[in-house]
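Open the model in your viewer and keep the selection box ready. Each stop below gives a residue range to select and then says what is there.

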Amino acid sequence: MASSGEEPRSGSPGRAGTGTEPAAAADAAQLDTAEDFEVLEEEEEEDEDDLSELPPLEDVGRPPAPPREDAQLPEQGAGDAAGDPQEWLDVLGNGLLKKKTLVPGQGADSRPQKGQDVTIRLKATLEDGTVVEENPALTFTLGDCDVLQALDLCVQLLEMGETALIVSEAKYCYGAQGRSPDIPPNASLTLEVELLAARDAPDLELLSGKEKIQLANRKRERGNFFYQQADYVLAINSYDIALRIVGSSSKVDFSPDEEAELLDVKVKCLNNLAASQLKLDHFKAALKSCNLVLEHQPGNIKALFRKGKVLAQQGEYREAIPILKAALKLEPSNKTIHAELSKLVKKHADQRNVETEMYRKMLGNPSATSTPRKCKDKLPWSIPWKWLFGATAIALGGVALSVVIAARN
């Protein structure tokens with residue numbers, strides 16, 4: 001497992017860091033043009049695995065791979081002789097993910113349940129037969145999206161001891177990005193899987209500080225993988241799981257260093273959670289995530305920056321500007337904050353001009369540059385003030401006289 005100071009690495013389909021392994025420089029060159037103000041520039045190597053510090057991923061550049069009409073299912077292998085040959089099962093009903101039993105298992109009652117830790121034997125090949133992965137004992141939590149979706153969806157259908165073939169389109173494997181250098185973009189995979197064991201996941205309350213940190217980091221790194229794949233829904237799911245682990249109660253005492261490391265994992269998850277929520281325009285949720293970071297670290301620049309961006313997306317420029325100014329005060333040389341702040345100041349000025357013009361129209365003065373007309377010019381006739389005063393006095397005198405006459409009568 002990658003340590004907290006390392007970039008998530010590529011590996012087997014079941015590892016938390018599974019995915020492409022792009023160089024940092026290549027990522028920056030490719031992604032900086034996507035959205036100039038999405039995230040902060042990062043200079044410290046110790047936080048490379050915190051995706052909130054990396055350049056943004058392209059929002060629209062890589063659509064999911066379309067179904068291949070000419071995809072051929074594997075021919076029946078020698079393993080079919082071990083039991084009655086079965087038809088291919090269309091797992092999702094869309095033809096993109098299929099399963100076929102080679103060796104029957106111990107019955108439907110032996111199937112694993114979501115939340116259990118399962119161990120499988122795995123062999124993954126490309127359509128041309130090239131073996132890209134072999135793992136004799138891959139262990140992961142079923143249903144947590146710790147592995148390829150093809151595995152997570154199909155292993156829960158396996159019986160204990162069953163061996164099956166899984167044919168999956170790229171959408172449920174490595175998608176449009178592939179996995180460098182052995183799995184090309186939009187590559188379908190054939191997975192030969194045997195279910196070896198299934199057991200209940202460990203009790204979070206009984207985990208040591210080190211075990212809890214390792215488990216939370218694995219979930220967080222999986223979220224990083226999904227973020228890099230631009231699958232922000234699954235990224236949010238992984239970050240949420242990591243946060244539940246960090247926030248779970250414990251019957252074990254942790255050292256001060258372990259407590260500090262757990263808080264560090266929590267802050268990273270919340271920052272990346274906010275980034276994913278912002279990508280999906282979930283502004284209320286993103287604002288909540290930013291505020292949770294700032295409760296622990298009021299000077300967290302990434303949280304301040306992203307909170308300002310969330311408010312700006314909602315048109316709350318008056319509230320966003322001072323937050324970005326606070327971030328800039330903490331890091332005056334940050335060009336990203338400078339650029340975003342300049343953009344918001346201009347938008348705020350434009351907003352105020354629009355509001356001012358609207359108020360002028362409401363008050364009957366549509367032009368800001370025209371000379372105000374005198375009140376008398378708006379009237380078809382004018383009345384001298386002294387005449388108006390005299391008329392008022394006469395009217396009041398008449399009322400008083402009427403009162404006196406009435407009293408005498």
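The tour starts with a sheet and then moves along a run of helices.

**Before you start**

This is a predicted model, in which local features need pLDDT of at least 70 and side-chain atom pairs count only at pLDDT 80 or more, while totals for chains, interfaces and linings use all residues. Residues are numbered from 1 along each chain as its sequence is written, and side-chain values use heavy atoms, with hydrogens and water left out. Helices (H or I, at least four residues) and strands (E, at least two) are DSSP runs, numbered from the N terminus.

**Stop 1: the sheet**

Select 89–90 and 131–141, which are β1 and β4. In what order do the six strands of the open sheet run? The order is β1-β2-β5-β6-β3-β4, with antiparallel pairing. Two strands count as paired if DSSP finds at least two bridges between them. β1 and β4 are the edge strands, each with a single partner, so one side of each has no neighbour in the sheet.

Next select 117–125, strand β3, together with 189–199, strand β6. These two pair in the antiparallel sense over nine bridges. To see one of the bridges, pick L122, whose partner in β6 is V193.

Now add β4, which pairs with β3 in the antiparallel sense over eight bridges. Here A124 has E133 of β4 as its bridge partner. β3 and β4 form a hairpin with five residues between them. Within that turn, click on G129, which has a positive phi of about 95°.

**Stop 2: α5 and α6**

Two packed helices are described by the angle between their axes and the distance between the axes. Axes are lines fitted to C-alpha atoms, for helices over the stretch in contact, and angles run from 0 to 180 degrees between N-to-C directions.

Select 256–279, helix α5, and show α6 as well. The two pack at about 155°, with axes 8 Å apart. That makes α5 roughly antiparallel to α6; the term covers angles over 145 degrees. On the α5 side, the contact (heavy atoms within 4.5 Å) includes L263, V267 and L270. On the α6 side, F283, A286 and V293 are among the contact residues.

**Stop 3: α6 and α7**

Select 283–296 for α6 and 301–313 for α7. Their axes come within 9 Å and cross at roughly 155°. α6 and α7 are therefore roughly antiparallel to each other. F283, L287 and L294 are among the α6 residues in this contact, and L304, V310 and L311 are among those of α7.

**Stop 4: α7 and α8**

Keep α7 and add 317–330, helix α8. How far apart are the axes of α7 and α8? They are 8 Å apart, and the packing angle is about 160°. That makes α7 roughly antiparallel to α8. Residues of α7 including I301, F305 and G308 meet residues of α8 including Y317, I323 and L330.

**Stop 5: the annotated span**

Finally, select 301–334. An unreviewed UniProt entry places the feature "repeat: TPR" at these residues. UniProt positions are given in the numbering used here, feature names are shortened, and annotations may be inferred rather than shown by experiment. In the model, the span is 79% helix and 0% strand. Its end C-alpha atoms lie 10 Å apart.

Definitions and conventions
Parallel < 35°, antiparallel > 145°, perpendicular 65-115°, else oblique.
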